[in-house]
Amino acid sequence: MDQKMNASARYDVCVFDLDGTLTQSGIGIGRSVRYALEKMGRPTPDEDVLRRYIGPPLLESFMQIDGMDEPDARRAVEIYRERYNTVGWRENAVYPGIGTLLRALKARGVFVAVATGKPTGVASDILAGFGLDLYVDKLVGPHPDDHHADKAALIAEALPEGAVHPCMIGDRGGDVEGARALGIDGIGVLYGYGGRSELEAAGATCLAEDVSALSGLLLGDDPVNRGLFISFEGTDGSGKSTQLKKASEMLTAWGYDVTLTREPGGCPISERIREIILDVGSAGMTAECETLLYAASRAQHVAQVIRPALERGAIVLCDRFVDSSMAYQAYGRRMGEDVIARINEPATGGLEPDLTLFYDMSPEAAMSRRRSASVPDRMERENEDFVLRVYDGFQRVVRENPRRVRRVDASGTVEEVFDQTRELLRSALAVGKTKKL
Ligand code: TYD
């Protein structure tokens, strides 16, 4: 057993409650309770009453809040689960900042567990559905027939052998009471469904107003982890911009701070440079001028948007980066790789994406997609030979950077392509395995 605590982490084990602490489950739970009550022919309660169902064991809630007898309450729980286990859990969202926090805890070697009153089947669907499974070492929930799950017992089960300084984080009095019963710190979060007086009455060690305050408590004064820089590349018409938008929506719902940006552009000065580059009125622009303008726009964008976002711990999703200059200017314009590398050095200051997704679609297919799309800009007016050289340029970029650049087959439907995008993003987010306690 390693007795020495990770120097930069306050706790070596964090046990989280799920509903109201990691995920906002109010909508899904509320609608599923209403569904069960309607099916049982009971009056539909208003929102305030529905809120009281979030957190405590459902069987008890149906008995105490609605006044059912035990057999009716059992039936209500069954009906509730019909809806919650299929559609209700998908109505959840991760609280903003939780993805970033869990990733930072894992990166510091903290053991992360979840102790929930929800059956483990649906709880693990929720963790996987929102990408939290990447960071959770252990999930503990009640036995399927146990409707009176004791939180202290769940927390005790979640604690790994050899835990030195564990804590429990939850939004309800029961979470904190469970922690106190075991003699460990119970941190109450005020953004969930419990509230200050409930958590104080339960004996919370401390309270966190929001996710950022919670991060401060769990990570100490450590600077946040540097974020992740992910670029999306492909020929015009490869569908990468659609994937980028979906990726941004998904990662936001997973609780990350996401910066969605593009090149050329991404900030006011660079957007103005973009207009000059892409304007059909700029016909006659030399390859050198074009290359330098792309690099100039990049220099401002890196300094003003990308670096500050990474320092804040955000995930930066960027539509094109230096690889586009390699494909379009080094190969398309025949400027050569060395010139492009040299010109871009001061623009990026050596910054490279952590991951680049190359949306691979045959030039023929991409061109026919493009023809049916919007009015072509100056770059899109280039002839077929140029398009083929750009495509070959991208193939070289992929070959020359096997660790950073991943190929995505862009020929399928939006959903098929997004399945690949999601998996690649998941592997970029994953952090090393927790040290064994
Ligand atoms: P944009 O409309 O953003 O392209 P798309 O929507 O197809 O991704 O326009 C950017 C154009 O600029 C695109 O044709 C590729 C080109 N480009 C370069 O030639 N070099 C570069 O370094 C970058 C970033 C883009």
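**Notebook: the ligand shell and the aromatic rings**

I began at the ligand and found that a polar side-chain atom of Gln329 lies 2.8 Å from one of its nitrogen atoms, which I enter as a polar contact (a pair of N or O atoms within 3.5 Å; within protein, one must be able to donate a hydrogen and the other to accept it, and residues adjacent in sequence count only if both atoms are side-chain atoms). I note at once that this is a predicted model, in which local features need pLDDT of at least 70 and side-chain atom pairs count only at pLDDT 80 or more, while totals for chains, interfaces and linings use all residues. Residues are numbered from 1 along each chain as its sequence is written, and side-chain values use heavy atoms, with hydrogens and water left out.

I then looked up two further contacts of the ligand: a polar side-chain atom of Arg274 is 3.1 Å from a ligand oxygen atom, and an N or O atom in the side chain of Lys240 is 2.3 Å from an oxygen atom of the ligand. The ligand taken alone exposes 540 Å², and I record that the protein buries 91% of that (areas by the Shrake-Rupley method with a 1.4 Å probe).

Which residues come nearest to the ligand? Of the 16 residues around the ligand (a heavy atom within 4 Å), I list Asp236, Lys240, Tyr294, Ser325 and Gln329 as the nearest. Sorting the shell by type, I get 5 nonpolar, 3 polar and 8 charged residues, with Asp, Glu, Lys and Arg taken as charged. Helix 12 (268-278), helix 13 (287-311) and helix 14 (322-332) each supply at least two residues of this shell, and helix 14 gives the most, with 4 residues; helices here are DSSP runs (H or I, at least four residues), numbered from the N terminus.

Next I turned to the aromatic rings, where a pair has ring centres within 6.5 Å, and planes under 30 degrees apart count as stacked, over 60 as edge-to-face and the rest as tilted. By this rule I count 8 aromatic pairs. Tyr80 and Tyr84 form a stacked one, 5.4 Å centre to centre with 5° between the planes. Both of these tyrosines lie in helix 4 (residues 70-84), where they are 4 residues apart, about one turn of the helix. I also find Tyr80 and Tyr84 buried (under 20% relative accessible area; exposed is over 50%, partly exposed in between, with a 1.4 Å probe and protein chains only).

Why do I call the pair of Tyr328 and Phe386 tilted? The ring centres of Tyr328 and Phe386 are 6.2 Å apart and their planes stand at 55°, so the pair is tilted. Because Tyr328 lies in helix 14 and Phe386 in helix 17 (residues 384-400), the pair ties together parts that are 58 residues apart in sequence. Tyr328 and Phe386 are both buried, and I see them joined with Phe358 and Phe394 in one aromatic cluster.

I also looked for charges over rings (NZ of Lys or CZ of Arg within 6 Å of the ring centre and within 35 degrees of the ring normal). The charged end of Lys246 sits over the ring of Phe418, 5.1 Å from its centre, and Arg298 lies over the face of Phe321 at 5.4 Å from the ring centre.

Last, I checked Glu400, which lies in helix 17 and is partly exposed, with a relative accessible area of 46%.

Terms used. Rings of Phe, Tyr and Trp (its six-membered ring) pair if their centres lie within 6.5 Å; planes under 30 degrees apart count as stacked, over 60 as edge-to-face and the rest as tilted.
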